[in-house]
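The following exercises concern a single protein model. Please study the sequence and the structure before reading each solution.

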Amino acid sequence: MGKDVIVACDFAGAEQVFAFLDKFEGVERKPFVKIGMELFYGAGPDIVREIKARGHKIFLDLKLHDIPNTVKKAMSVLSGLDVDITNLHAGGTVRMMEAAIEGLTRPDGTRPLLIAVTQLTSTDQEAMENDLLIKEPIDKVVMHYAANARKAGLDGVVCSPLEAGKVHDTCGADFLTITPGVRFADGDIGDQKRVMTPAEAKKIGSDYIVVGRPITAAEDPVAAYRRCVAEFCD
Ligand code: C5P
């Protein structure tokens, strides 16, 4: 898969998502859609099947983290939903990530891409040291988790656009970086702290950008989506 813009469909229910996706009827490129926990837990697995049936690629962002056997079985279920990308927490250990790959791999050998979350951006150095008793610098921890994900056979990590270059240096150019925290140069930052424009994210080597409110809350979501594609993909 090449560079793409993934639209974070952070809506409360199916009705709102479909009203949003309806706006893209007839648009030359179907948005890649991210479905997160809120929508998945609220609307159930049918929401994945329905969005897939409309021809969208899907990143199912459920961030699994459990014992290897449970993650393996859960991944097998997600693989059956025919998503294109899904994810887990690298903190679950290399063995858990290897089990996830096993579960995700279909009988014909194909599988969705599997991406790791390293340390959440909501976790800072202080919380990591005090709550998790991890004393190393956070960027070292992030790169170590990314390297573990690579070792386990995963395809990439979710990271801030600012970390994408270093992840590629550490794990290889073909190790995917999926980066949220994207804003237009003339847009609202909202609650994101470290942001980049789609053009900057392209320049520093992000493979996919995840864009929510700059598209979903735009007056003209299709125009905002096209602008992201033009800046990032073309
Ligand atoms: O609306 P906005 O563009 O900020 O949405 C970004 C999306 O990426 C949201 O779904 C958010 O949960 C997700 N995300 C993030 N930062 C991370 C990981 C995921 O913003 N570190």
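**Exercise 1.** Determine in which helix S79 has its place, and whether S79 is buried or exposed.

*Solution.* The model examined here is a predicted one. Step one: S79 lies in helix α4, which covers residues 68–80. Step two: the relative accessibility of S79 is 4%. Step three: a residue is buried when this value is under 20%; therefore S79, at 4%, counts as buried.

**Exercise 2.** State which residues S79 is in contact with, leaving aside neighbours within four places in sequence.

*Solution.* Once those neighbours are set aside, the contacts of S79 are G103, L104, R106 and P112. A contact here requires heavy atoms within 4.5 Å.

**Exercise 3.** Describe the secondary structure of the protein, and explain why the protein is described as compact as a globular protein of its length.

*Solution.* Step one: the protein contains eleven helices and eight strands. Step two: its radius of gyration is 17 Å, and the globule rule gives 17 Å for 234 residues; because the two are close, the protein is as compact as a globular protein of that length. Step three: along the principal axes, the C-alpha atoms fill a box of roughly 45 × 40 × 30 Å.

**Exercise 4.** Find what percentage of the residues is buried, and how the contacts and the exposed area are made up.

*Solution.* Step one: of the 234 residues, 50% are buried. Step two: among contacts between residues at least 6 apart in sequence, 68% join residues at least 24 apart. Step three: the protein exposes about 11200 Å², of which carbon and sulfur atoms supply 51%.

Definitions and conventions
Residues are numbered from 1 along each chain as its sequence is written. This is a predicted model: local features need pLDDT of at least 70, side-chain atom pairs count only at pLDDT 80 or more; totals for chains, interfaces and linings use all residues. Side-chain values use heavy atoms; hydrogens and water are left out. Helices (H or I, at least four residues) and strands (E, at least two) are DSSP runs, numbered from the N terminus. Buried means under 20% relative accessible area, exposed over 50%, partly exposed in between (1.4 Å probe, protein chains only). The radius of gyration is taken over C-alpha atoms; the globule rule is 2.2 Å times the number of residues to the power 0.38. Accessible areas come from the Shrake-Rupley method with a 1.4 Å probe; for residues, only the protein chains shown count as cover.
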